[in-house]
Amino acid sequence: MSRKVVRASKFRHVFGQAVKADQCYDDIRISQMTWDSNFCSVNPKFVAMIVDASGGGAFMVLPLSKTGRIDMSYPNVCGHTGPVLDIEFCPHNDNIIASGSEDCSVMVWEIPDGGLTTSLTEPVVKLDGHSKRVGILSWHPTAHNVLMSLLMSTTSPCTAARKARRGWDTCPREVWRSTNVKSPGSTNSMRENVSPLS
């Protein structure tokens with residue numbers, strides 16, 4: 001006679017509950033662009049989502065306290081001429097967010113403390129230099145104001161993605177200097193722009 005053995009688990013009797021409608025975000029037009037991105041970014045103050053926009057790319061930044069139905073006329077961050085592909089909040093400053101777009105640029109934005117009251121169209125810094133669309137952004141986890149942008153392009157769905165990385169220091173352009181960095185054993189190189197030590 002065989003006996004079924006039930007594996008012991010601390011989570012066997014744990015069930016989730018659906019969140020009430022007033023604690024959710026409702027009626028947001030999330031972007032229909034197919035890209036390897038999360039389409040959102042969250043920090044302790046804000047949640048940001050890439051949204052559909054005509055005439056370029058846009059994303060919406062909401063304070064975490066603003067839940068429920070979001071009005072269609074809610075202000076967006078819109079400065080790119082192509083669809084936004086990735087957004088990323090700075091880990092050191094909750095009001096700073098970077099966006100990468102199909103228009104080959106990266107923009108760094110400063111969100112006011114209370115959230116947006118009007119649409120934001122002028123970035124704090126615009127970083128040009130990529131030759132193809134910017135697909136992935138990542139802030140350095142420990143160094144302040146260092147941002148890496150990654151572009152990926154494929155010639156066909158079956159071909160492996162070709163990658164080019166660019167590191168940016170978001171200090172003013174006039175104090176930048178450039179360095180080329182190549183990982184050992186890698187064919188990818190990273191062009192890093194850093195500010196001089198003071």
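The following questions and answers concern one sheet and one cysteine in a predicted model.

Biologist: What is the order of the strands in the open sheet?

Modeller: The sheet is open and has four strands, with antiparallel pairing. From one strand to the next, the twist averages 20°. The order is β7-β8-β9-β10.

Biologist: Which strands are the edge strands?

Modeller: An edge strand here pairs on one side only. That holds for the strand at 84-89 and for the strand at 125-128. The edge strands are β7 and β10.

Biologist: How many residues lie between β7 and β8 in their hairpin?

Modeller: β7 and β8 pair in the antiparallel sense, over five bridges. A hairpin joins β7 to β8. The number of residues in that connection is six.

Biologist: Which residue in the turn between β8 and β9 has a positive phi?

Modeller: Strand β8 covers residues 96-101 and strand β9 covers residues 105-110; the two run antiparallel and are joined by five bridges. They form a hairpin with three residues between them. In that turn, a positive phi of about 70° belongs to C104.

Biologist: Which residue in β9 is the bridge partner of S99?

Modeller: S99 lies in β8, where S99 is the bridge partner of I87. S99 also has a bridge partner in β9. Elsewhere on β8, G100 stands opposite V106 in β9. The partner of S99 in β9 is M107.

Biologist: Are the two faces of β8 covered or open?

Modeller: In a regular strand, side chains alternate between the two faces of the sheet. On one side of β8 are I96, A98 and G100, and on the other are I97, S99 and S101. Each of these is buried, and the count for β8 is six of its six residues. Both faces of β8 are covered.

Biologist: Why does C40 count as partly exposed?

Modeller: C40 is placed in strand β2, residues 40-42. Buried means under 20% relative accessible area and exposed means over 50%, with partly exposed in between. C40 counts as partly exposed because its relative accessibility is 35%.

Biologist: Which residues is C40 in contact with, leaving aside its neighbours within four places in sequence?

Modeller: Contact means heavy atoms within 4.5 Å. One of the contacts of C40 is I87, the residue whose bridge partner in β8 is S99. With neighbours within four places set aside, C40 is in contact with A48, M49 and I87.

Biologist: What separates the C-alpha atoms of C40 and V61?

Modeller: C40 and V61 are 21 residues apart along the chain. In space, the separation of their C-alpha atoms is 9.5 Å.

Technical notes
Residues are numbered from 1 along each chain as its sequence is written. This is a predicted model: local features need pLDDT of at least 70, side-chain atom pairs count only at pLDDT 80 or more; totals for chains, interfaces and linings use all residues. Side-chain values use heavy atoms; hydrogens and water are left out. Two strands pair if DSSP finds at least two bridges between them. Axes are lines fitted to C-alpha atoms, for helices over the stretch in contact, and angles run from 0 to 180 degrees between N-to-C directions. Buried means under 20% relative accessible area, exposed over 50%, partly exposed in between (1.4 Å probe, protein chains only).
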